[in-house]
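This report introduces one protein chain to a reader who has not met it before. It begins with the overall form and then turns to a sheet and a few backbone details.

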Amino acid sequence: MGLENIKGNTFLYKGSPATLFYKDEENNVYIIDPGQGSKRPKELKSMLNKLNPKKSIAFITHYHSDHIAVLGEGFSVNEIVVSEIDAPAVRDPSLRALLTFGYMLNHEDNILPFKAKAINPTKLIGKDQNTYGPLQLIPLPGHTQGQLGVITPDGVLYAADSLFGDKVLTKYGIPYHQYPCKSVESLNLILNMLSKVDIIVPSHGPIVNSSEASQLIESNIKKITEIEEEIKKLLVEPMCLSSITQKLTSIYKSEEPSIGAYLLAENTIRGYISCLRQQGLIEAINDNNIKWKITK
């Protein structure tokens, strides 16, 4: 599998996650989300050598291990760039596990589906920074708090994990979002900027022309809001987190059930609870266990 030129100086390395390359006029190469996999470090090195860059910059859209693992496994670059919000979890694998799965687990624990070593960023993106070199940056919080989308000068938007392909939405039952309400806001932002880009690249899913992207975006919004409505129905009666998770994972079943997948679903449901609580739609009840109940 090699690099596919999708437009101008923007190239795609297919995978899950997909990796985007952009080569600027000064011969610098930006590698957006280098990813994971035992073969990928060698493959990325080969691709990078063919582009023969003056400088190589890894741009990390968010801290999840499947997007950064190769940077600790032999794939070397001149710079590593990430948002200042997500940077602590890039540096600290234990914090990354806590934020991703909801438990302070050893990042090498065999129940975790994704693992990556500590990565030390060299450049941090501030909350008001909207460019890095030739790249336009779009805050897309929700999947993580500091997730960034990237638009190359060729009009290609790398949407990271703000947007999933249809197969991923079906496969995992409950798509992972740390803050689902923020994810809906980010999806609406992408929907409103389709006229300004030509191609959208989800990290996990096929690339799509902007003229055809609205259906996929709306499918993602529908899935998030559908799960929220199901939670509201459940919380007519007080219910604890584990019971909510058990009910929802029986409705929205993963095609690859595992402890790791269950932890991801449970942590997403924590996010729904946080959103509903901030909106004043649920209340906490102390019944020798924390239970949640709809208020409106």
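The radius of gyration is taken here over C-alpha atoms, and the rule for a globule is 2.2 Å times the number of residues to the power 0.38. For the 296 residues of this chain, which is a predicted model, that rule puts a compact globule near 19 Å, and because the protein chain has 19 Å, the two agree. Taken along the principal axes, the box that the C-alpha atoms fill is roughly 60 × 40 × 35 Å.

Within this outline, the secondary structure comes to nine helices and 15 strands. Of the 296 residues, 52% are buried, while the chain as a whole exposes about 13,500 Å², of which carbon and sulfur atoms supply 48%. If one takes the contacts between residues at least 6 apart in sequence, 63% of them join residues at least 24 apart. The chain carries 31 positive and 32 negative charges, and the mean positions of these two groups are 2 Å apart.

**A sheet of six strands**

Strands of a sheet pair through backbone hydrogen bonds, and the pairing may be parallel or antiparallel. In this chain, an open sheet of six strands runs in the order β8-β9-β10-β11-β12-β13, and its pairing is mixed. Its edge strands are β8 (131-132) and β13 (208-209), each of which pairs on one side only. Inside the sheet, β9 (residues 135-139) and β10 (residues 148-151) are joined in the antiparallel sense over four bridges, and I138 stands opposite G149 in β10.

**Backbone details in loops**

The loop between β2 (10-13) and β3 (19-23) holds P17, and the peptide bond that leads from S16 to P17 is cis, with omega near 10 degrees. Two asparagines, N52 and N288, have a positive phi although neither is a glycine. The table sets out their values and places.

| Residue | Phi | Loop | Relative accessibility |
|---|---|---|---|
| N52 | about 50 degrees | between α1 (40-51) and β5 (55-59) | 54% |
| N288 | near 55 degrees | between β14 (282-286) and β15 (290-294) | 81% |

Which class of accessibility does N52 belong to at 54%? A residue counts as exposed over 50% relative accessible area, so N52, at 54%, is exposed. N288 likewise counts as exposed because its relative accessibility is 81%.

How values were computed:
Residues are numbered from 1 along each chain as its sequence is written. This is a predicted model: local features need pLDDT of at least 70, side-chain atom pairs count only at pLDDT 80 or more; totals for chains, interfaces and linings use all residues. Side-chain values use heavy atoms; hydrogens and water are left out. Helices (H or I, at least four residues) and strands (E, at least two) are DSSP runs, numbered from the N terminus. Buried means under 20% relative accessible area, exposed over 50%, partly exposed in between (1.4 Å probe, protein chains only). Contact means heavy atoms within 4.5 Å. Accessible areas come from the Shrake-Rupley method with a 1.4 Å probe; for residues, only the protein chains shown count as cover. Lys and Arg count as positive and Asp and Glu as negative; His and the chain ends are not counted. The place of a charge is taken as NZ of Lys, CZ of Arg, CG of Asp or CD of Glu. Two strands pair if DSSP finds at least two bridges between them.
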